[in-house]
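Work through the exercises below with the sequence and the model side by side, and try each task before you read its solution.

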2 protein chains.
Amino acid sequence: MRIARFSTGDGVAFGVVEEGEQVIAKIDGHPFGGIQLTGERYPLAEVRVVAPMLPSKVIAIGRNYADHAKEMGNEAPAEPIVFLKPNTSVIGSGEAIAYPEKLSERVDFEGELAVVIGRLCREVPVERAFDVIFGYTCANDVTARDLQSKDGQWTRAKGFDTFCPLGPWIETSLDPSDLALTTTVNGELRQSARTSLLLHDIPTLIAHVSAFMTLLPGDVILTGTPAGVGPLSVGDEVSIGIEGIGTLTNRVVSRD
Amino acid sequence: MRIARFSTGDGVAFGVVEEGEQVIAKIDGHPFGGIQLTGERYPLAEVRVVAPMLPSKVIAIGRNYADHAKEMGNEAPAEPIVFLKPNTSVIGSGEAIAYPEKLSERVDFEGELAVVIGRLCREVPVERAFDVIFGYTCANDVTARDLQSKDGQWTRAKGFDTFCPLGPWIETSLDPSDLALTTTVNGELRQSARTSLLLHDIPTLIAHVSAFMTLLPGDVILTGTPAGVGPLSVGDEVSIGIEGIGTLTNRVVSRD
């Protein structure tokens, strides 16, 4: 099932995307723990789809594909490298990435598979990890590469407003173990990988993260980016496509 | 004015601490943008005071006192080092810090002055920084020191559940520029400094952080710890006291 969040002028609601992506059926409240439809249905083209989740936290993983670790001159890490992106960085598909030209001269795209958590959990064993997953979406872990190396800690480089595009929706019925992931910039292929190449797979990531912090419904884990990362410029359009989910597209505008 | 959050069995509410800390007057809703009292008043001894805020994000600053940077073998940074602690790490005064003995052999206290943001803001100029501050509280930036050096990124080391004690309440009327800060463990003095020694002062921190991310009412900025950090053991009681605010006290229990 595909779950989106959308705005009708009447406020923001969750909805189920139906009929070949033509219609969205409104959900009463939130979609965790069972979906209740209100009966209201809208043509998808007539609503504004926004970020599929407003997470309490966005957890991200560094260097989780060997070829990307290598292209950055790093070793593949023995344990997942965990960092946080503020939820103020989240935008949806179709919203603009704001390039902070006063503070950075190098802003990169990083296409990633994102996992959305479905229930409050902590210390989840690897073998129970799929029980706590609500679904999957596409993510772009936008990164001011110059600030990342300057600061050491990655919070500023990866924490600007608009630096966490998520979407277009959440697919709840999917085997995430071997999906094709592609990133294009202005239609040109820049990243192409499969999620089977994740160094630490999704159950391992959920076990590692929930071993130290409680996860809440709607929390998002970005699973890392493959090789091919590169710079964006104002005016570019960047798309992350993942097999079985859909395509997350954002253009880049000047922040200043 | 002192603003606390408290639980009566009837749910959690904000309140104004009055009359020599003997009484708490319940606030209708939240305290941002003007306080409305409900008229209900409780003896402070008969309610449970909890963390004074559930922030959307906890922003923290590394190496912001020269003597602490030096004791850790680091240079004082030219710009603030920013990192995030998840809001699932927040606890109040009187709650227990859970020592994760399976994952860390060295958990340190770090006493700090915390700033609570009062309004949505971004790109705040230094000279307007005090306009966006709601108040001040005491914080303990609890840190698994062994994981901090092992991981490189500080998220896991500083992000365990219970690793962000805040409290006991928020003081809204205070000049934060030269306050005495002390940390004691089991009554023994371990840190003693003044906030006038902050390398990057509070207006500079707010300008730096809000230059890249939007701050929301209730967001908390921990301003860094002075020299004297050291390990905690299960059974210890750690207290952070700041002149004009009060004392944040937590004991340490085993997580496992």
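A residue is called buried when its relative accessible area is under 20%, exposed when that area is over 50%, and partly exposed in between. Keep in mind throughout that this is a predicted model.

**Exercise 1. A salt bridge between chains**

Task: Find which residue of chain B meets the side chain of A:Lys150 in a salt bridge, and decide how accessible each partner is.

Solution: Begin with the contact itself, in which the side chains of A:Lys150 and B:Glu79 meet at 3.2 Å, N to O. Next, place the two partners: A:Lys150 lies in helix 2 of chain A, and B:Glu79 lies in the loop between helix 1 (66–71) and strand 7 of chain B, so this pair joins two chains. Finally, apply the cut-offs: A:Lys150 has a relative accessible area of 56% and is therefore exposed, whereas B:Glu79, at 30%, counts as partly exposed.

**Exercise 2. Salt bridges within chain A**

Task: Describe the salt bridge of A:Asp141 and A:Lys85, and then that of A:Glu40 and A:Lys26, giving for each the distance and the place of the partners.

Solution: In the first pair, the side chains of A:Asp141 and A:Lys85 meet at 2.5 Å, N to O. A:Asp141 is in the loop between strand 12 and strand 13 of chain A, while A:Lys85 is in strand 7 of that chain, so the bridge ties together parts that are 56 residues apart in sequence. Both partners are to be called buried, because A:Asp141 has 0% relative accessibility and A:Lys85 has 2%. The two residues also belong to a network of salt bridges, in which they are linked with A:Arg106, A:Asp108, A:Glu110, A:Arg145 and A:Lys158.

In the second pair, A:Glu40 and A:Lys26 meet at 3.9 Å, N to O. A:Glu40 sits in strand 4 (residues 37–43) and A:Lys26 in strand 3 (residues 23–27) of chain A, with their positions 14 residues apart in sequence. Here the accessibility is split, since A:Glu40 is partly exposed at 34% and A:Lys26 is buried at 17%. As a last step, set these pairs against the total, which comes to 40 salt bridges over all chains.

**Exercise 3. The largest pocket**

Task: State the volume of the largest pocket, and say which element gives the most to its lining.

Solution: The volume of the largest pocket is about 220 Å³. Its lining is made of 17 residues, and those that lie nearest the centre are A:Arg63, A:Met72, A:Arg145, A:Gln148 and A:Trp154. Looking at the elements, one finds that strand 6 (58–62) and helix 2 (145–151) of chain A each supply at least two lining residues, and that helix 2 gives the most, with three. Sorted by class, the lining holds four nonpolar, seven polar and six charged residues.

**Exercise 4. Two cavities**

Task: Work out how many cavities of 30 Å³ or more the whole structure has, and what lines them.

Solution: The search finds two such cavities. The largest cavity contains about 110 Å³ of space, and 14 residues line it, with A:Ser56, A:Lys57, B:Ser56, B:Lys57 and B:Lys85 nearest its centre. Its lining divides into six nonpolar, four polar and four charged residues.

The second largest cavity has a volume of about 60 Å³, and among the residues that line it are A:Phe83, A:Trp154, B:Phe83 and B:Trp154. Strand 7 of chain A and strand 7 of chain B are the elements that give two or more residues to this lining. Its residues divide into six nonpolar, four polar and no charged.

**Exercise 5. Details of the backbone**

Task: Say where chain A and chain B have a cis peptide bond before a proline, and which residue of chain A outside glycine has a phi near 50 degrees.

Solution: In chain A the cis bond joins A:Gly167 and A:Pro168, with omega about 5 degrees, and A:Pro168 belongs to strand 14 (residues 164–171). In chain B the bond from B:Gly167 to B:Pro168 is cis, with omega near 5 degrees. As for phi, the residue is A:Glu123, whose value is positive. A:Glu123 is located in the loop between strand 11 (111–117) and strand 12 (133–140) of chain A, and its relative accessible area of 38% makes it partly exposed.

Methods: Residues are numbered from 1 along each chain as its sequence is written. Chains are lettered from A and ligands numbered from 1 in the order in which they are written. This is a predicted model: local features need pLDDT of at least 70, side-chain atom pairs count only at pLDDT 80 or more; totals for chains, interfaces and linings use all residues. Side-chain values use heavy atoms; hydrogens and water are left out. On a 1 Å grid over the protein atoms alone, a cavity is a set of points where a 1.4 Å probe fits but cannot get out, and a pocket is an open set with protein on both sides within 12 Å along at least five of seven lines; lining residues have an atom within 4 Å of a point. Grid points are joined across faces, edges and corners, and a volume is the space filled by probe spheres set on the points. Helices (H or I, at least four residues) and strands (E, at least two) are DSSP runs, numbered from the N terminus. Ala, Val, Leu, Ile, Met, Phe, Trp, Tyr, Cys and Pro count as nonpolar, Asp, Glu, Lys and Arg as charged, and the others, Gly among them, as polar. Buried means under 20% relative accessible area, exposed over 50%, partly exposed in between (1.4 Å probe, protein chains only). A salt bridge is a side-chain nitrogen of Lys or Arg within 4 Å of a carboxyl oxygen of Asp or Glu.
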